[in-house]
Amino acid sequence: MKNILGREILDYIEGYGEVRPFMGAFANYGERAKASVTLRSVKPGEKKLLANIEEALDKVGIKDGMTLSFHHHLRNGDYVLNQVMASVAKRGVKDIHVAATGIFPIHEPLVEYIKKGIVTKISVNYISPGPVAKAISQGLLQKPAVLMSHGGRPRAIESGDLHIDVAFIAAPTADAYGNLNGVGGPTACGTLSYAVADAFFADKVVAVTDHLAPYPACPIEITQDFVDYVVQVDSIGDANGIVSGTLTVTKDPVGLRIAKMAAQLINEAGYIQNEMSFQTGAGGTSLAVAAEVRQFMREKKVVGSFAAGGITGYIVDMLNEGLFRNLFDVQCFDLQAVASYRENPRHQAMSGSLYGNPHDKGAIVNNLDVMILGATEIDTDFNVNVVTGSDGIIMGASGGHNDTAAGAKIAIIVTNLTKGRLPVVRDRVTTVTTPGETIDVLVTERGIAINPRRTDLLEKLKDSELPIMAIEELKKLSENLTGVPETIEFTDRVVAVVEYRDGTVIDVVRQPKD
């Protein structure tokens, strides 16, 4: 069958199940019931503190076919996923579903577990280019990986679509009764936002910490009533690994030109005003847009209501300067953000569900005015790919991409017109991550395209000096520079299912031919 975007998708995918096809960004709203939760009561005097991970696996009754979850606030410095899975592998347990919020190059040991059938399925809402992504693309995983969004994952957990048997929560600080925070200890990572749904809905919850604090371990982000066991280890990770990515304003003249045009468009469209809300990614060009917006805010003496998302030191500086009254933080991208979250009550955590769950009573993304996004590819219908590269290999998942695009009043893609001598604008993207109906503007160094759906923007900017043109013109410009790219050939094997934030299937990733 085909979904509403015309993507070819099977009715049933082996290892995934029945497919609910994507029918539009806002087609699947309404009343929802939350899944029931299994609780294990704890008697007075009963201890939760265990000797090691091996004892924790005994206590939770580890067995074949279980779903184990992990969070990625330590990013490429996380040790907990590897520690737990090494212990699981030693026991000869098979057919494990790893439901991680993020996977990074440090998690390369998963590849060997995939080859041995210890890990047969992976669900993830952020995945870095690297060995695990490559292994999935090569078809080594027995069941298709499920690529979710930051809001789609907690939606799946809360609805029962994703049932977690055991959640392992890397806790920079914990007490012996299971109160957790991410702001104390040698491995402080800031918020624990992505682990909240896991703590609330998993059958068993094991906190793994390297800093056991006296009871109670205040401030408390995840409370003792959701935690079954606590394990102390030598180290849960390297906090310096949190800083993965650019995280600084680009100095590239092309990126700076894109940023300047994007900020000028935001200003001319009337979005830079008091009480504005704003989110940008952590890439160099995205942060350059923030720098330009910052200057407009200073000149106009604008005070915004909030900035949101994964928070960097740059956004913290804007908070401290008084350009925003508050921050909503789903993950700290650097140690300056960690310190700000620990010390400043105006720097608030938000769970993944509060951030982007389309089926709750109002996600933070619904109140976003301006969102700055990137793209691997974008097509002439404004559909965006951030999942696969030009070679068809998986290099990411949605993260907050399709959550924020759906919620923001204006969602802007900023990107070079060509990347790696290939055009970014295509007739048809390799993989759809975010539907074009939720993308409003594309800004490149050669020109700006506005989605024809946004007649209000086209009218408002009709007399602008900005280089506004049809997206088809940008496509032609890019192909004049690079030529028309060759079509990637794929096998019929589905190696990953791309879920939209509401749990419908927006696309699939097939294994590239050798």
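**Entry 1: the open sheet**

I began with the sheet, in which 10 strands are arranged in the order β3-β12-β11-β8-β4-β5-β6-β7-β26-β27. The sheet is open and its pairing is mixed. I noted the edge strands as β3 (49–50) and β27 (505–512), each of which pairs on one side only. The model I am reading is a predicted one.

I then looked at the end of the sheet where β27 sits. Strand β26 (residues 490–499) pairs with β27 in the antiparallel sense, over 6 bridges. For a single pair of residues I took Val498, whose bridge partner in β27 is Asp507.

Next I asked which strands helix α2 lies across. Helix α2 (residues 80–90) lies across β4 (67–70), β5 (96–100), β6 (119–124), β8 (166–171) and β11 (204–209). Against β4 it runs at about 155°.

**Entry 2: helix α5**

I looked up how much of helix α5 (residues 152–159) is covered, and found 7 of its 8 residues buried. The buried residues are Gly152, Arg153, Pro154, Arg155, Ala156, Ile157 and Glu158. I listed what covers them: among the elements are the strands β4, β5 and β26, and the helices α6 (196–201), α11 (352–356) and α12 (401–407). After α5 comes Gly160, and I wrote down its positive phi, near 95°.

**Entry 3: strand β20 and its partners**

Is strand β20 (residues 410–414) mostly covered or mostly open? I found it mostly covered, with 5 of its 5 residues buried. Both faces are covered: Ile410, Ile412 and Val414 are on one side, and Ala411 and Ile413 are on the other.

I checked the strands that pair with β20. Strand β17 (residues 370–373) runs parallel to β20 and is joined to it by 4 bridges. One residue pair here is Ile372 with its bridge partner Ile412 in β20. Strand β24 (residues 441–444) also runs parallel to β20, with 3 bridges between them. There, Ile413 stands opposite Leu442 of β24.

I followed one residue of β20 further, namely Val414. Val414 is buried, its relative accessible area being 6%. Setting aside residues up to four places away in sequence, I found that Val414 touches Ile258, Ala262, Thr285, Ser286, Val289, Ile372, Leu373, Gly374 and Val443. I also looked up the separation of Val414 and Thr376: they are 38 residues apart in sequence, and their C-alpha atoms are 10 Å apart.

**Entry 4: Ile471**

Ile471 belongs to helix α14 (residues 471–482). I noted a relative accessible area of 4% for Ile471, which is buried. What does Ile471 contact, leaving aside its neighbours within four places in sequence? The contacts I found are Ile378, Asp379, Thr380, Phe382, Val425, Leu442 and Ala449. Leu442 was already in my notes as the residue of β24 that stands opposite Ile413. For another separation I took Ile471 and Asp329, which are 142 residues apart along the chain, with 34 Å between their C-alpha atoms.

**Entry 5: helices α8, α9 and α10**

I turned to helix α8 (residues 284–300) and α9, whose axes come within 11 Å and cross at roughly 10°. With that crossing angle, α8 is roughly parallel to α9. On the α8 side the contact is made by Leu287, Ala290, Ala291, Arg294 and Met297, and on the α9 side by Tyr314, Asp317 and Met318.

I then asked how α9 lies relative to α10. Their axes come within 8 Å and cross at roughly 40°. That makes α9 oblique to α10. Gly313, Val316, Asp317 and Leu319 of α9 make this contact with Gln336, Ala337 and Ser340 of α10. I note that Asp317 of α9 takes part in the contact with α8 and in the one with α10.

Last, I looked at burial in α10 (residues 335–343), where Ala337, Val338, Ser340 and Tyr341 are buried. Viewed down the axis of α10, the buried residues fall within an arc of 165°, so they line one face of the helix. They pack against β14 (304–311), α9 (313–320), β15 (324–332) and β16 (347–349). At the N-terminal end of α10 I found a cap, Asp334: one of its side-chain oxygens lies 3.3 Å from the backbone nitrogen of Gln336.

Technical notes. Residues numbered from 1 in each chain as written. Predicted model: local features only at pLDDT ≥ 70, side-chain atom pairs only at ≥ 80, totals over all residues. Heavy atoms only, no water. Pairing = 2+ DSSP bridges. Helix = DSSP H or I, 4+ residues; strand = E, 2+ residues; numbered from the N terminus. Contact = heavy atoms within 4.5 Å. Axes fitted to C-alpha atoms, helices over the stretch in contact; angles between N-to-C directions. Buried < 20%, exposed > 50% of the residue type's maximum accessible area, 1.4 Å probe, protein only. Arc of directions from axis to C-beta. Polar contact = N/O pair within 3.5 Å; in protein donor to acceptor, adjacent residues only side chain to side chain. Parallel < 35°, antiparallel > 145°, perpendicular 65-115°, else oblique.
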